[in-house]
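Here is a short briefing on one sheet and the helices described with it. Look at the strand order, then at the helix packing.

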Amino acid sequence: MFTLSQNESGAPTTCLDPASTQGLDSNYEDGLGRDCARKPAQKLPELYGVGDPIATFSSDSSHLSSRGRIIKWFWDSAEEGYRTYHMDEYDEDKNPNGIINLGTSENKLCFDLLCRRLSQNDMLQVEPSLLQYPDWRGHLFLREEVARFLSFYCKSPAPLNPENVVVLNGCASLFSALATVLCEVGEAFLIPAPYYGAITQHVYLYGNIRLVCVYLDSEVTDLDSHPFQLTVEKLEMALQGANSEVWGSNQIQGWEWMGLSRAWTPLPVADLLLGGGVKVKGLILINPQNPLGDIYSPEELQEYLEFAKRHELHVMVDEVYMLSVFEKLAGYRSVLSLERLPDPQRTHVMWAASKDFGMSGLRFGTLYTENRDVATAVASLCRYHGLSGLVQYQMAQLLRDHDWISQVYLPENHARLKAAHTYVSGELRDLGIPFLSRGAGFFIWVDLRKYLPEATFEEEMLLWRRFLDNKVLLSFGKAFECKEPGWFRLVFSDKAHRLRLGMQRVRQVLEGKSQMAEVPPSCQTQEPGGQHR
């Protein structure tokens, strides 16, 4: 990934407070930037990147097409950490010394609530229409429930239209489908970085679409109010650079797929796009953001959407964590709650059940767009990404049950998330580790730069491997295209005994005592903070 930064591998000279708090709006100054002497206004560094995901591709399979070899290569080269984890997965009875997974963003806190609800009689209906080919957009009864659900929980000013709804088997399929129907081969989306790294694969494998990173910095200057802040100025700079730069072999960087966490290592590649830039067709926003946990204010959303309108860019808004905001003061607002969308024909909103309902295995995602051509084109791809009729029926039953969602599930889910977050953040404070978290999502963005002997991504990978060797799995920053080595994403949405054991193993690595942690007796009975139910 190419960047114009002169110090990509070096840690910035920002001052960090080890006692960082949750990072809510009122607490940002008490967090990473609290004691930092603000830098005087200066020229904003040129930080953006364009890459070719298959620049380092190699495969000797004679049985596959070139596309097939690329797809297989993505799979093979992403498997190191996952393969290690799945071969040695922790189980408190069968494998208590197995790997604790604090790297995968899944909510494992409410299986009891979900199992009871999904086992009720109203979920078990089977009728002929559910066993036949559906409308590829999704059964009308489901699209109507999705529209009502989003209208209510997104607080839309007016009821949303079921005709603008398309359902697919998850947000990964939505990213793939939208990228394919919105872009020509080789075109690109802007995306603030760090970002959920699998999006690179989602938009590339089918559509051959690239990403232009808008690199964000932990350093707080006069132009920012908090670390890793996205601003319109940074978007403008990245767009101008991507459109106008002449990219050559001394500038383009390739990507090498590495390990569990989907990291890309810069490597020089052959000349690409000589004589011109990359055409940017859209902007991807994740709100709440993964991995930062940031929440965009309505004013910020409006500014980003106005920027996109000025440049006639599509905006894909991923709101997959919208109901996983467990701090009331965080102030989350869906883009669908805005009174006026600057360019509704180019604004496309995604949501799924994977995160908010802890059902990543059910594979349900939905698109809401007022652009009927886009909806129709995406629906055509639902032939390959559709849901079974039985799953559609279950999802409709679940989404229409606002009483259970609002009075049972969400309050309990938020309480459990908050308790788990309180425990893990307390452990990090005890270790003197700075971090960012704003009370949304399942993860904390942790600053482990002081544990790297040198500020390089090679040292970051070595630290990640030490965690894995000590049977705890985290996600390293390069997996999210963070330009500063040493940041890690730590997932806290797990049961108490696994969190306690996982954090014990993290502590052992950081204190230089890496060895297998024994399961403490208290882990079998206690919950984090005494509140985790």
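In this predicted model, 4 strands form an open sheet. Their order is β14-β15-β18-β17, and the pairing is antiparallel. A helix packs on this sheet. Two further helices, α13 and α14, cross at roughly 130 degrees.

**Sheet edges and pairing**
- The edge strands are β14 (435-436) and β17 (475-476).
- Each edge strand has a single partner, so one side of each has no neighbour in the sheet.
- β17 is joined to β18 (residues 487-491) by 2 bridges, and these two strands run antiparallel.
- Ser475 has Arg489 in β18 as its bridge partner.

**Helix on the sheet**
- Helix α12 spans residues 402-430 and packs on the sheet.
- Its contacts are with β14, β15 (443-447) and β18.
- The direction of α12 makes about 5 degrees with that of β15.

**Helix α13 against helix α14**
- Packed helix pairs are described by two values, the angle between the axes and the distance between them.
- Helix α13 covers residues 457-469, and helix α14 covers residues 496-510.
- Their axes come within 9 Å and cross at roughly 130 degrees.
- That angle makes α13 oblique to α14, because angles over 145 degrees count as roughly antiparallel and 65 to 115 as roughly perpendicular.
- The crossing of α13 past α14 is right-handed.
- On the α13 side, Leu463, Arg466 and Phe467 make the contact.
- They meet Val506, Val509 and Leu510 of α14.
- By class, the contact residues are 5 nonpolar, no polar and 1 charged.

Conventions
Residues are numbered from 1 along each chain as its sequence is written. This is a predicted model: local features need pLDDT of at least 70, side-chain atom pairs count only at pLDDT 80 or more; totals for chains, interfaces and linings use all residues. Side-chain values use heavy atoms; hydrogens and water are left out. Two strands pair if DSSP finds at least two bridges between them. Contact means heavy atoms within 4.5 Å. Axes are lines fitted to C-alpha atoms, for helices over the stretch in contact, and angles run from 0 to 180 degrees between N-to-C directions. Angles under 35 degrees count as roughly parallel, over 145 as roughly antiparallel, 65 to 115 as roughly perpendicular and the rest as oblique. A crossing is left-handed if the near helix is turned anticlockwise from the far one by less than a right angle, and right-handed if clockwise. Ala, Val, Leu, Ile, Met, Phe, Trp, Tyr, Cys and Pro count as nonpolar, Asp, Glu, Lys and Arg as charged, and the others, Gly among them, as polar.
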